[in-house]
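Me: Hi! Could you walk me through this one with me? I'd like to go over a few strands, a helix and some charged pairs.

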Amino acid sequence: MKIGIIGSGRIGGTLTEELAAAGHRVGVANAHGPQSLEALAASLGQGVCAMTVDEAARFGDLVVVSIPFGRYRSVPAAPLSGKVVVDTENYYPQRDGHFAELDDDRITSSELVQEHLSGSRVVKAFNAVRWDTLAEEGRPRGAAGRLAVPLAGDDAEAKRIVSELIDEIGFDPVDVGALGQGGRQIQPGMPVYTAHVTAAELLRRLAA
């Protein structure tokens, strides 16, 4: 698969490495331009290319958005139309500024991303797991103690595709539901946020 990654911080950079290692072609971009990513791309081999944000959005069959939530409107909508978009963002008011509709819990951050990217199929994933867990603790399918990565979305096929990627890089995907109800359960401050647990334990915490 061709995967675009917009954002090269801890989560975006780690996913660039892990997805490239799984055999995907990855185009990675950030706000500073391709030249700032040349060393990262070179260190990961020929499967990774540094790109502009627009190039990464057009390149990917699937595109990961991993930037501070407060800048979500900077993501170009047109080239992402029809594509699966993985939203790893979390809302932190102290960093992002206040969004009244989020402060009042009228909507989730990923629902706002879906409104902005109205032609895309948004799946919230990788937001509730630490970057170092992604980098260091992937295990083969069926391994004892394999950790879980929750995901939420409104499109079943999009969630299936993202679940396969989660499995490929060594984690058990756990579908927690739609962007609204499910997305709320994996936001910062919730019991499963950055929980270092198996799928069975994550499901137990959700039920509780």
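Reply: Happy to; what follows is a chat about a predicted model.

Me: How covered is strand S6?

Reply: Mostly covered: four of the five residues in S6 (residues 121-125) are buried.

Me: And which way do S5 and S6 run?

Reply: S5 (residues 84-87) and S6 run parallel, joined by four bridges. Asp87 stands opposite Lys124 in S6.

Me: What about S6 and S7?

Reply: Those two run antiparallel, with three bridges between S6 and S7 (residues 148-153). Ala125 has Leu151 in S7 as its bridge partner.

Me: Switching to H8: what caps the N-terminal end?

Reply: Asp155 does, with a side-chain oxygen 3.1 Å from the backbone nitrogen of Glu157. After H8 comes Gly170, with a positive phi near 105°.

Me: Does the length of H8 add up, or what span should its 13 residues have?

Reply: At 1.5 Å a residue they should span 18 Å, and the end C-alpha atoms are 18 Å apart, so the two agree.

Me: Which salt bridges does Arg160 make in there?

Reply: Arg160 pairs with Glu157, at 2.5 Å between the closest N and O atoms, and with Glu164, also at 2.5 Å. Glu157 is three residues from Arg160 in H8, while Glu164 is four residues from Arg160.

Me: How many salt bridges does the structure hold?

Reply: There are 14. One of them joins Arg184 and Asp105, at 2.9 Å from N to O. Arg184 lies in helix H9 and Asp105 in the loop between H5 and H6, so this pair ties together parts 79 residues apart in sequence.

Conventions: Residues numbered from 1 in each chain as written. Predicted model: local features only at pLDDT ≥ 70, side-chain atom pairs only at ≥ 80, totals over all residues. Heavy atoms only, no water. Buried < 20%, exposed > 50% of the residue type's maximum accessible area, 1.4 Å probe, protein only. Pairing = 2+ DSSP bridges. Expected span 1.5 Å × (residues − 1). Polar contact = N/O pair within 3.5 Å; in protein donor to acceptor, adjacent residues only side chain to side chain. Salt bridge = Lys/Arg side-chain N within 4 Å of Asp/Glu carboxyl O.
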